[in-house]
Amino acid sequence: MATGGARTRLTAGDVACWVLKAASDVPELTGAPAGAPVHLRRCVHPTYRLALLRPGQGVLLWRSGRAAGVRALGEVLSVPADGAVGVRLHPLAQPVARADLLADARFRAAEVVRVPVGANPSYLTSAALEAVLERLAPGEEGFLPGPAAPA
């Protein structure tokens, strides 16, 4: 995406999974059993990235702050409209902590780490996503439909 310090636009090929951030726990997920699908609409910032976001693409929920980390995996259900996107998320049995992910060189350069206050949506490369998937409980990788399809 960026070369020699120059910023370039994100392309569909850069995205293995979308990241939606939340500053606190999401109430709809807090009481849901691990793995149970929860349908939500999450706010997204109006940028060119919304044109890359398509139903069927993988998405994860990143909890920011002191308890930062991956809380849920799922898929995009709708194209963004009215400042939000529909998603189906599956809460993880055990969140994947930011500290554990930072121990992995593949994840350290992730946008969610480099720009923690950036707006939704963010993204993970395939290498960063692999670092997350390796830390999931058995079977949870199936909550994610796969790499984002090209636009």
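Which residue in strand 5 is the bridge partner of leucine 40? In this predicted model, that partner is valine 87. Strand 2 and strand 5 (residues 84-97) run antiparallel and are joined by six bridges.

Both strands belong to an open sheet of six strands, arranged in the order 2-5-4-3-1-6 with mixed pairing. Strand 2 (38-43) and strand 6 (122-124) form the edges, each pairing on one side only. From one strand to the next, the twist averages 40°. Helix 5 (residues 126-133) lies across strand 1 (17-22), strand 4 (69-76) and strand 6. Relative to strand 6, helix 5 runs at about 75°.

The loops show several local features. Between helix 4 (111-114) and strand 6, the loop contains proline 121. The peptide bond leading from asparagine 120 to proline 121 is cis, and its omega is near 0°. In the loop between strand 4 and strand 5 lies aspartate 82, a residue other than glycine whose phi is nevertheless positive, near 55°. Aspartate 82 has a relative accessible area of 81% and is therefore classed as exposed, the cut-off being over 50%.

A second aspartate, residue 104, occupies the loop between helix 2 (98-102) and helix 3 (105-108). Aspartate 104 counts as buried because its relative accessibility is 10%, the limit for this class being under 20%. When neighbours within four places in sequence are left aside, the contacts of aspartate 104 are with Ala131, Glu134 and Arg135.

Conventions: Residues numbered from 1 in each chain as written. Predicted model: local features only at pLDDT ≥ 70, side-chain atom pairs only at ≥ 80, totals over all residues. Heavy atoms only, no water. Helix = DSSP H or I, 4+ residues; strand = E, 2+ residues; numbered from the N terminus. Buried < 20%, exposed > 50% of the residue type's maximum accessible area, 1.4 Å probe, protein only. Contact = heavy atoms within 4.5 Å. Pairing = 2+ DSSP bridges. Axes fitted to C-alpha atoms, helices over the stretch in contact; angles between N-to-C directions.
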